[in-house]
Amino acid sequence: MKLFVYHTPELTPADSVPDCAIAVDVLRATTTIATALHAGAEAVQVFSDLDKLVKISAEWPTSKRLRAGERGGAKVEGCDLGNSPLDCTPELMNGKRLFISTTNGTRALQRVETASTVLAAAIINRAAVVEHLLAHKPATIWILGSGWEGSFSLEDTVCAGAIASSLVDRLGVSLGDLAGNDEVASVIALYLQWQDNLLGLFHLASHGQRLLRLNCQEDLKYCSQLDLLNVLPIQREPGVLVKNP
């Protein structure tokens, strides 16, 4: 296996896709996707375009759909939900499809939707992602951070490091054997420095500070809990993620 890390969708090679692509948007899209599927959602369908989300979700009965929209950290007017994983309760999610569009995370998923395998990763389901990689051993793996409007983000980077660090340990290989680019070493270094205080790192992160200004302190606490859920969102068809059985 060769692992490559890209901090934003814009930094990925334009002319290729990996055997396995892992989209990361810890604050908060991929955390919300994992939580929704764990809570019983039938699937999560992602969109970068809000108008397309509304049009396609309108084909579903209202009793079987939920619309989640977020821009700039805040809920989009007219949607049922914003982008808080804490809203994804079993009572609300069970048997429904969540149609979601966010500022950053849905763009990352759509960038790699043509890969053979597409996963959604966050801090809360890191272990489930690692177990899948160990079981299937894809030849090339991309971990793709969502960043914030095209810029590097600490929270996605440390999640990539958590995955990469675990892979090095579990495979019993050297970093040089696993790393496909220099970014892999840097994300592991960040994770090893902050692994015992992920919430503190999120408070330092620019998007974490943005969410704190929106009174989303509990979201940050939830998103920082390592290996909280044993759930693996995997793409079933382009843009549609389901819970891996």
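Biologist: Which residues are buried in α8?
Modeller: Happy to start there, bearing in mind that this is a predicted model. Helix α8 covers residues 183-194. Its buried residues are V184, V187, I188, L190, Y191 and W194.

Biologist: Within what arc do the buried residues of α8 fall, seen down the axis?
Modeller: An α-helix has 3.6 residues a turn, so residues three or four places apart point the same way. The buried residues of α8 line one face of the helix, because the arc they fall within, seen down the axis, is 160°.

Biologist: How far apart are the end C-alpha atoms of α8?
Modeller: We can work from the expected value here. With twelve residues at 1.5 Å a residue, helix α8 should span 16 Å. The model agrees with that, since the end C-alpha atoms of α8 are apart by 17 Å.

Biologist: Which elements do the buried residues of α8 pack against?
Modeller: The partners include one strand, β1 (2-6). The buried residues of α8 also pack against helices, and the full set is β1, α5 (126-136), α6 (154-171), α7 (175-178) and α9 (198-204).

Biologist: Are α6 and α8 roughly parallel or roughly perpendicular to each other?
Modeller: Let's take the geometry of the pair. The axes of α6 and α8 are 7 Å apart, and the packing angle is about 95°. Angles of 65 to 115 degrees count as roughly perpendicular. The two helices, α6 and α8, are therefore roughly perpendicular.

Biologist: How do the residues of the contact of α6 with α8 divide into nonpolar, polar and charged?
Modeller: On the α6 side, the contact is made by L154, T157, V158, A160, G161, A162, A164, S165 and V168. Facing them in α8 are V184, V187, I188, L190, Y191 and L192. The residues of this contact divide into twelve nonpolar, three polar and no charged.

Biologist: Is D169 in α6 buried or exposed?
Modeller: D169 sits in helix α6. Its relative accessible area is 60%, and the cut-off for exposed is over 50%. D169 is therefore exposed.

Biologist: Which residues does L3 contact, leaving aside its neighbours within four places in sequence?
Modeller: L3 belongs to strand β1 and is buried, at 0% relative accessibility. The C-alpha atom of L3 is separated by 5.2 Å from that of A179, although their positions lie 176 residues apart along the chain. Beyond its sequence neighbours, L3 is in contact with I141, I143, A164, L167, L178, A179, G180, N181 and V184.

Biologist: What arc do the buried residues of α10 cover around the axis?
Modeller: Helix α10 (residues 206-213) has H207, G208, R210 and L211 buried. These residues are on the same side of α10, because the arc they cover around the axis is only 155°.

Biologist: Which helices do the buried residues of α10 pack against?
Modeller: One of the partners is α6, a helix that also packs with α8. The complete list for the buried residues of α10 is α6, α9 and α11 (217-223).

Biologist: Which residues does W148 touch, not counting residues up to four places away in sequence?
Modeller: W148 lies in the loop between β8 (140-145) and α6, and at 12% relative accessibility it counts as buried. In space, W148 and D25 are 9.3 Å apart, C-alpha to C-alpha, while in sequence they are 123 residues apart. Among the residues W148 touches are two of the buried ones of α10, H207 and R210. The whole list is G72, G73, T103, N104, H207 and R210.

Biologist: What is the phi of N215?
Modeller: Most residues other than glycine have a negative phi, and most peptide bonds are trans. N215 comes just after α10, in the loop between α10 and α11, and is exposed with a relative accessible area of 62%. Its phi is positive in a residue other than glycine, near 60°.

Biologist: Where is D227, which has a positive phi of about 60°?
Modeller: D227 is not a glycine either, despite that positive phi. With a relative accessible area of 31%, D227 is partly exposed. D227 is found in the loop between α11 and β9 (233-237).

Biologist: What is omega for the peptide bond from L27 to R28?
Modeller: R28 is in the loop between β2 (20-24) and α1 (29-38). The peptide bond from L27 to R28 is cis, with omega near 15°.

Conventions. Residues are numbered from 1 along each chain as its sequence is written. This is a predicted model: local features need pLDDT of at least 70, side-chain atom pairs count only at pLDDT 80 or more; totals for chains, interfaces and linings use all residues. Side-chain values use heavy atoms; hydrogens and water are left out. Helices (H or I, at least four residues) and strands (E, at least two) are DSSP runs, numbered from the N terminus. The expected span of a helix is 1.5 Å times one less than its number of residues. Buried means under 20% relative accessible area, exposed over 50%, partly exposed in between (1.4 Å probe, protein chains only). The arc is that of the directions from the helix axis to the C-beta atoms. Contact means heavy atoms within 4.5 Å. Axes are lines fitted to C-alpha atoms, for helices over the stretch in contact, and angles run from 0 to 180 degrees between N-to-C directions. Angles under 35 degrees count as roughly parallel, over 145 as roughly antiparallel, 65 to 115 as roughly perpendicular and the rest as oblique. Ala, Val, Leu, Ile, Met, Phe, Trp, Tyr, Cys and Pro count as nonpolar, Asp, Glu, Lys and Arg as charged, and the others, Gly among them, as polar.
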